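This report describes the fold, the core, the surface and the charged pairs of one protein chain. The sequence and the structure come first.

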Amino acid sequence: MDLKILLPYKVFADIKNVGNIVAETSEGSVGFLPQRLDCVAVLVPGIFSYKTDKVHYLAVDEGLFVKAGSQVLVSVRNAVGGVELGKLAETVKNDFKNADENEEKVRHMASQLESGFLSRLKKFQQL
């Protein structure tokens, strides 16, 4: 199988000759082999693994899994990989915590912009 993992802003991975895939779906952990029928599955945050010459582990956020023939397309909000399974939990905790902090900063800035706009609009209406 050919596996492509997409994030909203980039292609996270493009892997050829994948032997099997295990993903966490809304129905539980599901394994996918090359002969499996085409399908679509909703992914939940969890461990995603695939096997080439060895087993690779990723932590993925919620997303969508599509298998069509030998092509597998995974689209998720966030993914972390490149570390051993034992260290993956700590890496995820740090990376996702940083993402949550950045999202909070953006929400705060948007709130400030909105309140500033409303106060200027009120002053404009008083003129």
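The text below goes from the overall fold to single residues.

**Fold and dimensions**

The model is predicted. One helix and ten strands make up the secondary structure of the protein chain. Read from the N terminus, the order of elements is β-β-β-β-β-β-β-β-β-β-α; the helix, α1, covers residues 85–126.

The radius of gyration of the protein chain is 20 Å, whereas a compact globule of 127 residues would have a value near 14 Å. Along the principal axes, the C-alpha atoms fill a box of roughly 70 × 30 × 25 Å. The pair I47 and L127 gives a sense of these distances: the two residues are 80 apart in sequence, and their C-alpha atoms are 59 Å apart in space.

Of the 127 residues in the protein chain, 27% are buried. The accessible surface comes to about 8700 Å², with 55% of it belonging to carbon and sulfur atoms. Among contacts between residues at least 6 apart in sequence, 44% join residues at least 24 apart.

**Nonpolar core**

The largest nonpolar core has 23 residues, and those that touch the most other members are L3, I21, F48, F65 and V74. Two or more residues of this core come from each of β1 (2–7), β2 (10–15), β3 (20–25), β4 (28–32), β5 (39–43), β6 (46–51), β7 and β9.

The contacts of I21, leaving aside neighbours within four places in sequence, include M1, L3, V30, F32, F48, F65 and V72. Also in contact with I21 are G31, S49 and Y50.

I47 is located in strand β6 and is partly exposed, at 36% relative accessibility. Not counting residues up to four places away in sequence, I47 touches V22, A23, E24, Y57, L58, L85 and L88. Of these contact partners, L85 and L88 fall within the residue range of helix α1, 85–126.

**Salt bridges**

Side chains of opposite charge can pair when their charged atoms come close. The structure holds two salt bridges.

| Pair | Closest N to O distance |
|---|---|
| D14 and K16 | 3.9 Å |
| R77 and E62 | 3.1 Å |

R77 sits in the loop between β9 (71–76) and β10 (79–81), and E62 in the loop between β7 (55–60) and β8 (63–68), so their salt bridge ties together parts that are 15 residues apart in sequence. R77 is partly exposed, with a relative accessible area of 45%; E62 is partly exposed as well, at 37%. In the other pair, D14 has a relative accessibility of 45% and counts as partly exposed.

**Surface patch and an unusual backbone angle**

A nonpolar patch on the surface is formed by F117, L118, L121, F124 and L127, which together have about 610 Å² of accessible area. F117 belongs to helix α1 and counts as exposed, with 51% relative accessibility.

Most residues other than glycine have a negative phi. N17 has a positive phi, near 55 degrees. N17 lies in the loop between β2 and β3, where N17 counts as exposed at 65% relative accessibility.

Terms used:
Residues numbered from 1 in each chain as written. Heavy atoms only, no water. Salt bridge = Lys/Arg side-chain N within 4 Å of Asp/Glu carboxyl O. Buried < 20%, exposed > 50% of the residue type's maximum accessible area, 1.4 Å probe, protein only. Helix = DSSP H or I, 4+ residues; strand = E, 2+ residues; numbered from the N terminus. Patch = residues over 30% accessible without salt bridge, like charges linked within 9 Å, V, L, I, M, F, W, Y side chains within 5 Å. Areas by Shrake-Rupley, 256 points an atom, 1.4 Å probe, with all protein chains shown as cover. Rg over C-alpha atoms; globule rule 2.2 N^0.38 Å. Contact = heavy atoms within 4.5 Å. Core = buried A, V, L, I, M, F, W, Y, C linked by side-chain atoms within 4.5 Å.
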